[in-house]
Structures are given as structure tokens and as C-alpha cells.
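Here are some notes for a colleague who wants to go through this model point by point. Please keep the coordinates open alongside the text while reading.

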Amino acid sequence: PLDILYEDEHMIVINKAAGMVVHPAVGNWDRTVVNALAHYLQHETKHGSGDFITPTNLDNHHDHQDDNNQTYNPLRPGIVHRLDKGTTGVLVVAKTSQALTHLSQSFAQRNVQKTYLAITVGNPGKHVTINKPIGRHPIHRQKMRVVPDPNANNSRHRNQRKIPQKPPLTSTTTTTTSLSTSTGRNAISHIDTLAFDSKLSVVQIRIETGRTHQIRVHLQDRSTPIYGDDIYGLRDWNKRLKQKHNVERPLLHAYQIIIQHPINTDQTMVFTAPMPLDMTTIATNIWPQGTEERKDLFLSNN
């Protein structure tokens, strides 16, 4: 069942579970967020099913091509942003065409405040701004990477360690060329370590842009990858996470979204979801006092 944080006749906000793909695609036609939403909006909602759910598209939910050979899915229109399969947390979905237009504009114009939480290997530091363009990896096409600055001597991998050393805890800014290019698009992440136990950190991340795998790539580039990340993380540490906690996902959580209501635009909406149990358990080990200092971040056991 969906964990619904908010719903009205225009929009629905959910707390996405780990392991759920947002929309149907090759290899993941069923058991996606979109499939679950379609069922909920057809059978359970008390706020209207919206514009995108009809008997016709419910029966025919695979991707199609329109007259311009563009691929689309009849259940997908309300999706205005996405979370990776392993990422948990707040996901906003439009229920009507009018709401979709306004929400899409808000995301495109960066009028949405998005805050994430992560467990990282190593300490990425306090009040760090990472401004580095991201593009597709030239060899491993399913991966993204920070695009090297042609004017700098890029030596990121030369001294990478399995347990990155603690960087200075003073304010730090890391920047490179931020203009979009043919190989990279500008990407800006603001990083703040909340707690560090000499090996792992609880980290808060606010992103200005929403590039594919942005947080995962930026933290890898800083040599403090997300714990459990099978693409950008450290194999030995991921194996330890599986053995000790039976967790096999990047420990990344979309904690909060602040956005204007798509219809009542003078209304500011704040949606939050505490860390799920797997992250809460590990974060508590790293930061025991965090459950008192920042109760809003932690899943309650009550």
C-alpha cells in the first residue's frame, strides 16, 4: 500500500518505499509507483481520480509511441519528478492537467526546495557547496559522472581511499564550470554533515538542480560515497552493509519538499517524511543524540 502524506483533488504526495520504480519501463512493468497510484486513484481515493486515470489506459499500461515516434506511458503524465528505485521519501504527483502544468513549471524554474538525507562513507564536511556539471559516463553509459574541467588537473581517483579521511569542518566551496555543455549539465548540491563517527556520516543535502543521480555522483566525486550505493559506492562497505544490516540499497532519502500549491499558489506546502527504519537504525548508531536533537529526521518506534 502507498504511504500517502497528502492528497487533494489536484495533487497527491507519497512517501516512496525502497525498491519501487516510479514508472513502468522495460523490466519493470508492474509494482511501480504509477501502477500503485492508478489502483489507488481508481478504487480508493476520496478526493477524485483526476484527469489521467481511465479504464482504457489502466488496461493498456505499457509504453507506446505517439505520431512523432515519441515514447510515452498513458499512466505517466502526472509524474513531475522522480526518485531512483533505491531512494525513499517524498514524491509529488499531479492529478490534473492544470496541476501538472504548474508543478512542472515550479520544478523547471527551481522554485521547489528539495532536501535529502544520506548515510555516507567518510565525512563530506560542513556547509559545502558542490557546483560541478554532470554528464553521462563515456564508457559506462548507464552511469553518470562529474564532467572533468578541461582547465584543471583532474586527479579525483588518484588518491581515493576506502575510508576517506575527514575533510576540514570549516565552510568549503567546491566549484567548476557550471555552464551546460554537450557532455555535462550544471549541477549544484549543498552538503552539510550532521554527525560523523569517524567512519560514517549522517548528511543533509539540499539540491538546486535535479540531474540524474546528482547527489550520488557529487558525493562520489568528493570521495565520500553513499553507503550501499551499488553503482557509485564502495564494494567492501556495501558488502558490510548487507551482512550486518541486510540492506542492499543506497541509503538516500528525500526528506522534505517545499513547494507552492499548484492551484492555490499563495499557499506554501511543506511535505516531510522521516528516514525509514533501515536508515534510522544506522543513523542512530552514528548519532545517538540525533533522536533528541533532530526528532523530525528519525522514524519513531512508537
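1. A charged group over a ring. Arg240 lies over the face of Trp237, at a distance of 4.3 Å from the ring centre. The model is a predicted one, and this placement should be read as a feature of that prediction. Trp237 itself is buried, its relative accessible area being 4%.

2. The ring partner of Trp237. Which aromatic residue pairs with Trp237? The partner is Tyr227, and the two rings meet edge-to-face, with 5.9 Å centre to centre and 75 degrees between the planes. Because Tyr227 lies in the loop between H4 and H5 while Trp237 belongs to helix H5, the pair ties together parts that are 10 residues apart in sequence. Tyr227 counts as buried as well, at 3% relative accessibility.

3. An acidic residue in the loop between H4 and H5. Asp229 is placed in the loop that runs between helix H4 (214–221) and helix H5 (235–245). Is Asp229 buried or exposed? With a relative accessible area of 0%, Asp229 is buried, because residues under 20% are assigned to that class. The side chain of Asp229 is joined to that of Arg216 by a polar contact of 2.8 Å. Once neighbours within four places in sequence are left aside, the residues in contact with Asp229 are Arg216, Leu234, Asn238, Arg249 and Pro250.

4. Aromatic pairs in the whole structure. A search of the whole structure finds three aromatic pairs. One of them is formed by Tyr6 and Phe271, which are tilted with respect to each other, at 5.5 Å centre to centre and 45 degrees between the planes. Tyr6 lies in strand E1 (residues 4–7) and Phe271 in strand E14 (residues 268–272), so this pair ties together parts that are 265 residues apart in sequence. Tyr6 counts as partly exposed at 24% relative accessibility, whereas Phe271, at 6%, counts as buried.

5. Strand E5 and its partners. Strand E5 covers residues 88–94, and seven of its seven residues are buried. Strand E2 (residues 11–16) pairs with E5 in the antiparallel sense over six bridges, and within E5 the bridge partner of Lys16 is Gly89. E5 is also joined to strand E13 (residues 252–260), here by two bridges and in a parallel arrangement, where Gly89 stands opposite Ala254. As background for reading side-chain directions, in a regular strand the side chains alternate between the two faces of the sheet.

6. A loop residue with some exposure. Asn111 is found in the loop between helix H3 (97–108) and strand E6 (113–121), and Asn111 is partly exposed, with a relative accessible area of 46%. Apart from neighbours within four places in sequence, Asn111 is in contact with Ser106 and Ile258. The C-alpha atoms of Asn111 and Glu208 are separated by 9.1 Å, although these residues are 97 apart along the chain.

7. The chain as a whole. The chain contains seven helices and 14 strands, and 49% of its 302 residues count as buried. If contacts between residues at least 6 apart in sequence are considered, 65% of them join residues at least 24 apart. The exposed area of the chain is about 15500 Å², of which carbon and sulfur atoms supply 45%.

Note on methods: Residues are numbered from 1 along each chain as its sequence is written. This is a predicted model: local features need pLDDT of at least 70, side-chain atom pairs count only at pLDDT 80 or more; totals for chains, interfaces and linings use all residues. Side-chain values use heavy atoms; hydrogens and water are left out. Helices (H or I, at least four residues) and strands (E, at least two) are DSSP runs, numbered from the N terminus. Buried means under 20% relative accessible area, exposed over 50%, partly exposed in between (1.4 Å probe, protein chains only). Contact means heavy atoms within 4.5 Å. Accessible areas come from the Shrake-Rupley method with a 1.4 Å probe; for residues, only the protein chains shown count as cover. Two strands pair if DSSP finds at least two bridges between them. A polar contact is a pair of N or O atoms within 3.5 Å; within protein, one must be able to donate a hydrogen and the other to accept it, and residues adjacent in sequence count only if both atoms are side-chain atoms. Rings of Phe, Tyr and Trp (its six-membered ring) pair if their centres lie within 6.5 Å; planes under 30 degrees apart count as stacked, over 60 as edge-to-face and the rest as tilted. A charge sits over a ring if NZ of Lys or CZ of Arg is within 6 Å of the ring centre and within 35 degrees of the ring normal.
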